[in-house]
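Thanks for sharing this one with me. I went through the coordinates and put my remarks into numbered points, so you can follow along in your viewer.

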Amino acid sequence: MTTVEVNFDGLIGPTHNYAGLSIGNLASVGHAGVVAHPKAAALQGLAKMKLLLDLGLVQGILPPQERPAIRRLRELGFQGTDEAVLERAWATDPALVARVSSASSMWAANAATVCPEPDTADGRVHITPANLLTMPHRAIECLETARALAHALPDPEYVVLHPPLPTHADFADEGAANHVRLCSAHGERGVEIFVYGRSAYDRTGQPVFPARQTLQASQAIARRAGLEPRRTLFVRQSPAGIDAGAFHADVVAVGTESTLLFHETAFVDKRAVLDAIRRAADGLFEPELIEVPEADVPIADAVRSYLFNAQLLRIPGTEKKLLLAPLETIEVDSSRAFCDRLLASGASIGEVRHTDLRQSMQNGGGPACLRLRVVLNVAALERVNPSLLLDQALHARLVSWVDRHYRDALVPDDLGDRALLRESREALDELTRLLGLGGDYYGFQRC
Ligand code: SUG
């Protein structure tokens, strides 16, 4: 039976801005206060989705979340009409308003962890929405994420949607950005690699920047899915990498099928990790482990270029894999030179293409951050909500929707503007019709 990878990309929301919210994410902090271009951002995201669609892949969409999240401001004691709540919060605590206004749900690699059906105990896809509790602006995402996933993948016969993990720092979870699955082909049993930044039980050697994924969270996700222990690995991301700005594992490693492309500094005790991968794959497939040495691409360049935050894709009808990398990969000399050598090396990666995602990149989100990979067999794919699968007509409608509703420019000082609240709601209200989400999808529609 054919099994495919469906990429659900987060549609970039109308409040996209640079508020410098993510300590440890160098791009986010470095662009704090810069003028953002929400319309350009959303169009860049849609262009990437269309590129994959044109290449013959199945492309899904996750809607943006309701921002500003007035609900959160009310939980924190602000009262009155929605406009008054926003204005009062803005007058007393603009930093809080920035935290409830981020369009951060665009980075769908942090939406959830997906364990595909060939690996799970009951033969269903298991999904755990990420609690994202390390960053306050992201911790408000998970309930609406769960709602979006339930709309996209509504059939429990094929997909088990777990609740997010408990809301405690011991179980801090950032989703698929810290999870790689290797296999011979998507439909075959694979090896699932969970990369964590810290253990809740061991404070030694922790990075200065936040380690957002715990070992305990990763273990719980694997347990829920009933993954086979000998095919499941828990490996620690190097604290030095986190302190160099690799705030998620997908900033230093990317994998698909039997190929893992990783930076020399990605993991603690690299040799043991590579041995463990080979052992876990034994009898299933021969892993292709492509290491990028620090001497070739220094970690600082890897973080600047987001070489590893590429999408590694199998395009139907082609023999070799495609690496879809951000434009910045060409602009950083060492990454560009590495890609040239990679293509000449005889590895299974036969093409590198580049995509312009500058608006997202300036907040630390490359091609891989913007998508949640969901591996589905034919029967499960038939049960996906078709309204959330991109085709050319929907792409054209979404481009027109962005053109009509999004601002060209936005700075954090605009976030207290009641007009932005109104415009965002008008946009999202229309979107629920475009995506068939129903007239009560967003909280503001239910009031
Ligand atoms: O969580 N940036 C996101 C970027 C997430 C990238 N995802 C992956 N690597 N998978 C984050 O740090 C910045 C928002 C701001 O500063 O306004 C932000 O949230």
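**Notes on the predicted model**

1. Let me begin with a charged residue: D9 has a relative accessibility of 1%, so this aspartate counts as buried. Please keep in mind that the model is a predicted one. What does D9 pair with? Its partner is K48, and the closest N and O atoms of this salt bridge are 2.8 Å apart. D9 belongs to strand β1 (residues 3-10) and K48 to helix α2 (residues 38-54), so the bridge ties together parts that lie 39 residues apart in sequence. Is K48 buried or exposed? K48 counts as buried, because its relative accessibility is 1%.

2. A second pair to look at is R341 with D296, where the closest N and O atoms of the salt bridge are 3.4 Å apart. This pair links distant parts of the chain, 45 residues apart: R341 sits in helix α13 (residues 333-344), and D296 in the loop between β11 (288-292) and α11 (299-305). R341 is partly exposed, with a relative accessible area of 41%. D296 is also in the partly exposed class, at 31%.

3. The third pair is D417 and R407, with 3.0 Å between the closest N and O atoms of their salt bridge. Both residues lie in the loop between α16 (392-405) and α17 (418-434), ten residues apart. Their burial classes are worth checking against the cut-off, since buried means under 20% relative accessible area. R407 has 19% and therefore counts as buried, while D417, at 29%, counts as partly exposed.

4. There is a network as well: E66, R74, D82 and R425 are joined by salt bridges that share partners. How many salt bridges does the whole structure hold? The search finds 31. As for the charges overall, the protein chain has 45 positive and 55 negative ones, and their mean positions are 2 Å apart.

5. Now to the overall form. The protein chain contains 18 helices and 15 strands. Its radius of gyration is 21 Å, which agrees with the value near 22 Å that a compact globule of 447 residues would have. The C-alpha trace spans about 60 × 45 × 40 Å along its principal axes. Of the 447 residues, 60% are buried. The accessible surface comes to about 16400 Å², and carbon and sulfur atoms account for 53% of that area. Among contacts between residues at least 6 apart in sequence, 77% join residues at least 24 apart.

6. Helix α8 (residues 215-225) deserves a look, as eight of its eleven residues are buried. Among them are L215, Q216, A220 and I221. What do the buried residues of α8 pack against? Their neighbours are the strands β3, β4 (125-129), β7 (191-196) and β8 (232-236). Just after the helix, G226 takes a positive phi of about 65°.

7. If you check backbone geometry, here is some background: most residues other than glycine have a negative phi, and most peptide bonds are trans. Against that, the peptide bond from R67 to P68 is cis, with omega near -5°. P68 is in the loop between β2 (58-62) and α3 (70-75).

8. Two further spots belong on the backbone list. D269 is not a glycine, yet has a positive phi of about 55°; this residue is in the loop between β10 (259-263) and α10 (270-281). Y306, also not a glycine, has a positive phi of about 55° and is placed in the loop between α11 and β12 (311-313). Which of them is covered? D269 counts as exposed because its relative accessibility is 52%, whereas Y306, at 4%, counts as buried.

9. Lastly, consider S102, in the loop between α5 (94-99) and β3 (112-115). S102 is buried, with a relative accessible area of 9%. Leaving aside neighbours within four places in sequence, S102 is in contact with T15, N17, L21, R67 and H137. R67 is the residue that begins the cis peptide bond described above. S102 and A69 are 33 residues apart in sequence, and their C-alpha atoms are 9.1 Å apart in space.

Conventions. Residues are numbered from 1 along each chain as its sequence is written. This is a predicted model: local features need pLDDT of at least 70, side-chain atom pairs count only at pLDDT 80 or more; totals for chains, interfaces and linings use all residues. Side-chain values use heavy atoms; hydrogens and water are left out. Helices (H or I, at least four residues) and strands (E, at least two) are DSSP runs, numbered from the N terminus. The radius of gyration is taken over C-alpha atoms; the globule rule is 2.2 Å times the number of residues to the power 0.38. Buried means under 20% relative accessible area, exposed over 50%, partly exposed in between (1.4 Å probe, protein chains only). Contact means heavy atoms within 4.5 Å. Accessible areas come from the Shrake-Rupley method with a 1.4 Å probe; for residues, only the protein chains shown count as cover. Lys and Arg count as positive and Asp and Glu as negative; His and the chain ends are not counted. The place of a charge is taken as NZ of Lys, CZ of Arg, CG of Asp or CD of Glu. A salt bridge is a side-chain nitrogen of Lys or Arg within 4 Å of a carboxyl oxygen of Asp or Glu.
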